[in-house]
Amino acid sequence: MIITKETMDAELGNFGVGYEFPVYVMISNRCGFKLSGKYTEYGFMAIDTSGEAIIFTENSLMSALSDRQGAMNTIYRMSIDKIKINKSFILPNYTIDIVYHSEGKKKNYKFSLNTTVKGLPEQKENATNIVNILKNWA
């Protein structure tokens, strides 16, 4: 899959809500038996226009090969238990660890936001904006 603004807008547009600061992310779903901590999925993340939720798509290699869209997820601000944000010393990226509750279950996702992505010129500015918003939520 080629990462472009058009593919990002197409995937995030499926949520049916307005969004700001779209970025490409690597995702580690740390729920249940998926506790490896490796970034096994990829997707797109944004903040909805109300500023009260994170929306993101979660795609795997298998979904990309079969031309299916991956899972669509929403993390509401009020459901977040813990946010931990780290900036890498060497690489130009941020690591965001979010623990929240959804449908009575505890969920944990780890996101890696690289500030330079070929094909997305606004990635650095949008990643910085998302990190600043999430720091205010913590």
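Three short exercises on strand pairing, the core and the largest pocket follow.

The model is predicted, so local features need pLDDT of at least 70, side-chain atom pairs count only at pLDDT 80 or more, and totals for chains, interfaces and linings use all residues. Residues are numbered from 1 along each chain as its sequence is written, and side-chain values use heavy atoms, without hydrogens and water.

**Exercise 1.** Find the antiparallel partners of strand 1 given by strand 2 and strand 7.

Solution. Strands are DSSP runs of E, at least two residues; helices are runs of H or I, at least four; both are numbered from the N terminus. Two strands pair if DSSP finds at least two bridges between them. Start with strand 1 (residues 19-29) and strand 2 (residues 41-48): seven bridges, antiparallel. Here E20 stands opposite I47. Next, strand 1 pairs with strand 7 (residues 105-114), antiparallel, over four bridges. There I27 faces F111.

**Exercise 2.** Identify which element gives the largest share of the largest nonpolar core.

Solution. A nonpolar core joins buried Ala, Val, Leu, Ile, Met, Phe, Trp, Tyr and Cys residues through side-chain atoms within 4.5 Å. Buried means under 20% relative accessible area (1.4 Å probe, protein chains only). The largest core has 22 residues, with M45, I54, F56, I96, I98 and F111 having the most contacts inside it. Helix 3 (123-137) is among the elements that give two or more residues. Its share, five residues, is the largest.

**Exercise 3.** Sort the lining of the largest pocket by residue class.

Solution. List the lining: N73, T74, Y76, S79, Y100, H101, S102, E103, K107 and Y109. A pocket is an open set of points on a 1 Å grid over the protein atoms alone, where a 1.4 Å probe fits, with protein on both sides within 12 Å along at least five of seven lines; lining residues have an atom within 4 Å of a point. Ala, Val, Leu, Ile, Met, Phe, Trp, Tyr, Cys and Pro count as nonpolar, Asp, Glu, Lys and Arg as charged, the others as polar. The result is three nonpolar, five polar and two charged.

Conventions
Buried < 20%, exposed > 50% of the residue type's maximum accessible area, 1.4 Å probe, protein only.
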